[in-house]
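Okay, thanks for making room for me today. I'd like to walk you through a handful of places in this one, so let's get it up on the screen.

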Amino acid sequence: MRNDNCMEHDNQALQEAIAVLPKHCSSAEFASVVALLDDSSPSVVEAITHKVQLWGNDLAPALRILAQRSTEKNARVMATALLQVLQRNAIVELHYAMVEAIVIGQDIPLESSLVLLSRFGYPETSAQDISDLFDEMALRVHAHFMKNEVHTDLTLLICLNRVFFEEYHFQAPESTRYYDTDNCYVYSSLKHRIGIPITLATAYMLVAERCGIELHGIGMPAHFIVFHPELNLFIDPFNSGSFLSKEDCRRYIEQSGLDYDEKYMHRSSHVHIILRMFRNLIMCYTKVVENSVQFFPEERVQGAWEKSMLERYHKQVFDMLMNNGMV
């Protein structure tokens, strides 16, 4: 028989989960589903999984609370499995989009692809919220630009930097937190205004696009920057939007212990950008697994499932790129 402390803890976890339920989800109906989480019979599992998928990705925060705080092991395992269903749906959709793009010889849209990748880590990622934030930032850039006496490509870029780094305070993580997976997902990166080079660069590119600025992603070894073709200028969003020449980039590559190769400065397709983000996440989850603390004995190591899924889909897309001579 469960003791009163366990029952009280479970009730608290349930109430916390109910507090973050999406509006379209009935708290009574959700509580009924939660009561069945420790029932592992196939028919019950199938019914719960179907219900969760009907409720949709917005249910993820509530499931995450149950996965972390329920005292019942079976309930934690089931809540985790339900979260993984939502995560898998996102990465499978992204995988199909990338494969289709390779087959037809086109690129994938960057923003929607970032959203799908983010939904692997945070299923609740809202494409509309992200779009609204980028729109808002672009409007601020436009406002500053119109107040400027000189209207050139350079002054527009300076206005973009002012908004992105001074008003919205996007910045690099502390060195001790560099490999935090939150720095790789657009959902958490925009929430905390912190990201690794490629995360900051893609957000910067999407705001720039709304301002009429064409930027290309440049996947240098161990770093990611952007290129402004009109100004023939490289920009480093990881370092507050500092301007770089090609010679600066050459020195960075050589100081990293590599011989300079012009191919390092070629434009990265969106498919390649997303694959690189896969690799960054695989590295981050590898460190999560290595440092994982087992709070609940006999349960999965934190991050192991995510790492495995990312490796699986990265390999499939990368092999297809290889077979088509695209890497």
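**A walk through the model**

Glu247 counts as partly exposed, at 39% relative accessibility. Keep in mind as we go that this is a predicted model.

So who is Glu247 paired with? Its side chain meets that of Arg250 in a salt bridge, at 3.7 Å from N to O. Both sit in helix 11, and because they are three residues apart there, about one helical turn separates them. Arg250 is partly exposed too, with a relative accessible area of 31%. And the pair has company: Glu247, Asp248, Arg250 and Arg251 are linked in a network of salt bridges.

How many salt bridges does the count come to? The answer is 13. Let me pick out a couple that reach across the sequence.

Take Glu124 and Arg64, whose side chains meet in a salt bridge at 3.0 Å, N to O. Glu124 is in the loop between helix 6 (110-121) and helix 7 (127-147), while Arg64 belongs to helix 4, so this pair ties together parts that lie 60 residues apart in sequence. Is Glu124 buried or exposed? With a relative accessibility of 11%, Glu124 counts as buried, because the cut-off for that is under 20%.

Next, Arg210 and Asp135. Their side chains form a salt bridge at 2.6 Å, again N to O. Here, too, distant parts of the chain are linked: Arg210 is in helix 10 (residues 197-210) and Asp135 is in helix 7, 75 residues apart. Both partners come out as partly exposed, Arg210 with a relative accessible area of 27% and Asp135 at 34%.

While we're at helix 10, have a look at Thr199, which lies in that helix as well. Thr199 is buried, with a relative accessible area of just 4%. What does Thr199 touch, leaving out residues up to four places away in sequence? The list is Asn183, Cys184, Tyr185, Ser189 and Met277.

Another buried one is Ser268, though this residue is found in a loop, the one between helix 11 (246-255) and helix 12 (270-290). Its relative accessible area is 17%, and since buried means under 20%, Ser268 makes the cut. If you zoom in on the Ser268 side chain, you can see that it reaches the backbone nitrogen of Gly219 at 3.2 Å. Gly219 also turns up among the residues that Ser268 touches, along with Gly217, Ile218, Phe224 and Ile273, again not counting anything up to four places away in sequence.

Okay, on to the backbone. Which residues have a positive phi although they are not glycines? I've got two for you. One is Asn232, with a phi of about 50°, and the other is Ser240, at about 60°. Each has its place in a loop: Asn232 is between strand 2 (225-228) and strand 3 (233-236), and Ser240 is between strand 3 and strand 4 (242-244). As for accessibility, Asn232 is exposed, with a relative accessible area of 58%. Ser240 is exposed as well, at 53%, because the threshold is over 50%.

Last stop, the inside. What does a search of the whole structure find in the way of cavities of 30 Å³ or more? It finds one, and the volume is about 30 Å³. Its lining is made up of Phe30, Val33, Val34, Leu37, Val52, Trp55, Leu59, Leu63 and Leu66. If you sort that lining by type, you get nine nonpolar residues, no polar ones and no charged ones.

Where do those lining residues come from? Helix 2 (27-34), helix 3 (42-55) and helix 4 (60-69) each supply at least two of them. Helix 2 gives the most, with three residues. And helix 4 should ring a bell, since Arg64, the partner of Glu124, is in that helix.

That's my tour. If anyone wants to go back to a spot, I'd suggest the Glu124 and Arg64 salt bridge or the Ser268 side chain at the Gly219 backbone nitrogen. Happy to pull either one up again.

Note on methods. Residues are numbered from 1 along each chain as its sequence is written. This is a predicted model: local features need pLDDT of at least 70, side-chain atom pairs count only at pLDDT 80 or more; totals for chains, interfaces and linings use all residues. Side-chain values use heavy atoms; hydrogens and water are left out. Helices (H or I, at least four residues) and strands (E, at least two) are DSSP runs, numbered from the N terminus. Buried means under 20% relative accessible area, exposed over 50%, partly exposed in between (1.4 Å probe, protein chains only). A polar contact is a pair of N or O atoms within 3.5 Å; within protein, one must be able to donate a hydrogen and the other to accept it, and residues adjacent in sequence count only if both atoms are side-chain atoms. Contact means heavy atoms within 4.5 Å. On a 1 Å grid over the protein atoms alone, a cavity is a set of points where a 1.4 Å probe fits but cannot get out, and a pocket is an open set with protein on both sides within 12 Å along at least five of seven lines; lining residues have an atom within 4 Å of a point. Grid points are joined across faces, edges and corners, and a volume is the space filled by probe spheres set on the points. Ala, Val, Leu, Ile, Met, Phe, Trp, Tyr, Cys and Pro count as nonpolar, Asp, Glu, Lys and Arg as charged, and the others, Gly among them, as polar. A salt bridge is a side-chain nitrogen of Lys or Arg within 4 Å of a carboxyl oxygen of Asp or Glu.
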